[in-house]
Each structure stands twice: as C-alpha cells, then as structure tokens.
Amino acid sequence: PDAGGTSALPHTQLCAKAHGPLAAVQVLRSDTQFVNVRLHVPMAAMPEALRPFLALFQGLLFNTDVQLPVGAVHEGAKLTEPLHVSYAAMDQQLAELTTSRGSSVGMGVEPFVSSWTDEVFVVSLHTTPEKYADAVRCIVQAIVFGSFVTERISTVAQNLLADIAQIKRDGRDVLTACVARLSAQDQVGRPRWITNHVSLFDQERVLRQVMRDAASVAVYLDEIRRVLVHAPGMFLSLGMSDTDDAQQLTNTFVHEWQTCMDAYSQYVPISEQPNDPFAIPRESRLPQLSEPLRVHVTLRSIQASFAAICVPCALREHPPSEADFDTQLARLPARDFYALQLLLELLHRTDGPLFNAVRGMGLAYGAYFELRERQGQLMFLCSRASNVSGAILAMRALVERVGEHWDEYVGAFEVAMARSALVFSAVDEQVTPGSVLMMCVVSAIDGFASVDLRNKWRAAHLRAVTIDDMRRVFDTYVRRLVDPQVPAIHVVLTPPGTQLEPELGSFSRRSLNEI
C-alpha cells in the first residue's frame, strides 16, 4: 500500500502568540464541539528532595480543599476576604465545568508507571467553549491554591497505597515496572530520574512514611507547587473547532493564570523563556553493563509468568538536526529505524512466525517484539506464559531459523502485509481530536513542525525500505536478543516454585523489594 494515501482525521495545525507564563502555544483545529486543553510544565529543575512526593502531589491536585485568597475570582467577582472551598465542592464544580480533567507525571500515564517524558508535568481538561473560561479558572485555582491539609494527605496516600497493591496483582504492570527500574540508571552528581522516584518500588516506602507523619509532608507539596508555577518553558496545546478564536482562548488562559498569580503570595514573574520549549533532552539512561543482567522475580499474586529481554538499540525516527526538512528527508536518515519496525511487525503479527512459535504451541498467550526508541531499547516481551522458559527458547530458535532461511520468512507479500499494519497503526493514532492533539505534542518534541510533516516523513521511509534493509537490521539488532555475549537485561516474573531451564543462563533471584 501507498502509506501516503491513508487518511487520518482532517485537521489544521498552527501556533498562537504565546505570552505570560507560556513559551509556546500549539493550536489544533478539527471537527469537534469541545475545547481540549493540555498544559505541559517542564520539571528538569525540580529539586531532588521534592521528587519523591510528585506522585502524591498529582493524586492530591484535584482531590483536596482549595483556599482562595483575597483577590482571587469566585463566581465572577474578586474576593475581598479569603474563602475556603472543600474538596467535595471543588470536585462538583469541576464535574459541572469539564467532561474530563486530569494530571500526570509524564505524558498520558497512570501513577507509578514509567513515562518517556517523566520530567514534564501535564494538566489536561476537556470542556465546551461556553464553559472554557470558568473551567480554566477552576483548574488553575486548584493548582495554585490547593490546601494540603493532613486529613486529605493521609486519605490520598492510603488510596495510592491501595492502587500499588492492585498493580502488584497484575504481572504485566509489575514486569513493566521492573524493566523500567533496571533500565534507568541514575547518574552520579545529578538528581535521580523522576521515573525512578515515582515507581511503585520507591512509592510504597514513601507513602508508608507519609501515613506515619502526614503533617510534615505539606511543606514539600507547597514547594512542588511553587516550583511548577514558576517553571519556564511551559507550553500549551489547544484543540478546538474551526470557528473558535485560538488567540482569544490563549489570552483567556493567560488572563486566568495571571489573575491567580497576582493573588499568589510567592509569585515571582518569569524573566526569560527558553527558545525551544519542546527541546526535551534525550539522554541514555541504560546502565553500562559488561555482561548480561538476568533477574528472576517470584510473585505470589500471579498464576502465569511474564518475561522481558532488553538490548540496546540507538535507532532514531526523528530528523537528526534542525536543517531543512526536505533536504534531510531526501537522505532518508531513519531508513534503518523503519526497516526494523517493518521486520518486527512481520515477525510478531497475528498468525505470523513468532505468534505461531509461541502462542501457537501453547507456551504463552502473548509474545511480541517492541522497539522503544526513546528508551533506546529493542525488547522481546512475553505475557501470561504457562511455560516461560519454553517461550523464550522458542523465540531464540525462531530468530536462528529466520537467519538461516531468510527467504522463507521475508518476501514481498509478507513485507506488504507488515507495511499495511504499520500504516493502519499510524492512522489509528490520529482518528479523534484528542489523539491528534497528543500527536501534535509528541511530534513537536520529536523535532517535527507538524503532524503532517511527521506523516510525510513516515510515508517516504516506508516506501523506501527494501528487503535488503530488513536483512541488515535483522543481523545488526534482532540477533542481539539471542546473543549470550550482548549485555542484555533479562527479567522473568513467575509464580513461586517456577524453575527456569538452564539453557536460559544463570539468573539471580530477587524479591520486588530488591529490584
């Protein structure tokens, strides 16, 4: 198929004039009756001492009382005396003004789950144009004037601990957490990665400490708020209809923000904004291993096994520089990235070679490869395995067979099927105003001026990839998954009593507390 002939949700992407706390404003126009708002706040400067409490801050943000000071706006008028708003009243007000709202440490993730943009705090809301100003005011007041009282801190901490207990019953979530923890090595002399601070491993300990002395935590939460509202480089993404006034919506957001800041006693105006707020650095967090790291974790709450094998893979999809887009595209610099994507899709598609070798033989319910560009990893993942050793060995045997009998597995028909699947997946990411707005943000961070240019980049590369390209990336990258000399990270999560086959190598047994 011609990847350039696919059709996603029609939309127009542009920029509004940024001012006030905002360094940039993205605007997405599409066929919608709602306004979708996403505020992104960089957290690279968040002090080390505050990072352990970010998950708690996120949980409290829309679930605590609000103390409005003199000068804040309430019911259309500026207050002449302070006003206390209970969390229940605030929740009811938000429910009336928005169809959805939320916050996250990183983009689009649940608490305690690793994100590739962990050093960005995201606040989102979905509302109608008529309620937009009041909804923004309510959200900003929750951010700026939230009152972190002991009772609410204890309640939310208890709820978060219950969430962790639930996560521990899901083998896939625990495996993801283990891989993220072992793959993100903290650097000496720098703050620990936020993803490590908010992992379920650290947070269970932190939240239990909070439960023992909730009163002492309020000062940290207040300081997190102070750092966030003063962060330079905030960028706003607005999804709207073709008839909404983008600059007016931007100005309304800035006005409501500034009104709150004028009443916030600790406010200091931001003197300088970064030239490119989307320039979120990509630093390798992988540990420098001299030999494979093999870890076997047992968990009483699961009945099936899960496994992951992770090897370094530095391929990149995005443009390598800020030079002219078409000039870079003509060189097809991401050819190997897309060749590997095509190959992985060919191998693990439904009724494909990996599917038949693992699920078809009853070894595991799920088995697939995953290219995690932002983490710099190529992974083999196995879920709900009845025979996890057999599933891993079956994957190894398949990789060897593909290398020996390449033409039997990789031909024009198979490549066309894989290309079709990738094209469909790309279109599926752009079918709703919300998903396209997310792609606008991701594209900007990845160095694309628009989603349309990202689609053009993908289409040109997919058309250009050859079977020879796929063979090259197979030999260079996929074979790493079965090479015993490659310093890979192996994590196997099983019920107690499960024995691993000696052919898998020597594994160290660890409890979750030792990860």
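Start by selecting strand β2, residues 22–30: 8 of its 9 residues are buried, so to speak under cover on most of its length. Keep in mind as you go that this is a predicted model.

Now add strand β1, residues 11–15, to the selection. β1 and β2 run antiparallel and are joined by 5 bridges. To see the pairing at one spot, show C15 and look across to Q26 in β2, which stands opposite. Then follow the chain from one strand to the other: β1 and β2 make a hairpin with 6 residues between them. Pause in the turn at G20, where phi is positive, at about 65°.

β2 has another partner to show. Select strand β11, residues 234–240, which pairs with β2 in the parallel sense through 7 bridges. A handy pair to display here is V25 and its bridge partner in β11, L236.

Next, move to helix α8, residues 218–229. How far apart are its end C-alpha atoms? They are 17 Å apart, which agrees with the 16 Å that its 12 residues should span at 1.5 Å a residue. Colour the buried residues of α8: A218, L221, I224, R225, V227, L228 and V229.

Keep L221 on screen, as it leads into the largest nonpolar core, a set of 100 residues. L221 is among the residues with the most contacts inside this core, along with L56, F121, V144, F145 and I153. Helix α3, residues 132–145, gives the most to this core, with 10 residues. Centre on L56: beyond its neighbours within four places in sequence, its contacts include I153, L160, V217 and L221.

For a last stop, select V388, L481, V482 and V486, which are among the 63 residues of another core, lying apart from that one.

Note on methods: Residues numbered from 1 in each chain as written. Predicted model: local features only at pLDDT ≥ 70, side-chain atom pairs only at ≥ 80, totals over all residues. Heavy atoms only, no water. Core = buried A, V, L, I, M, F, W, Y, C linked by side-chain atoms within 4.5 Å. Buried < 20%, exposed > 50% of the residue type's maximum accessible area, 1.4 Å probe, protein only. Helix = DSSP H or I, 4+ residues; strand = E, 2+ residues; numbered from the N terminus. Contact = heavy atoms within 4.5 Å. Expected span 1.5 Å × (residues − 1). Pairing = 2+ DSSP bridges.
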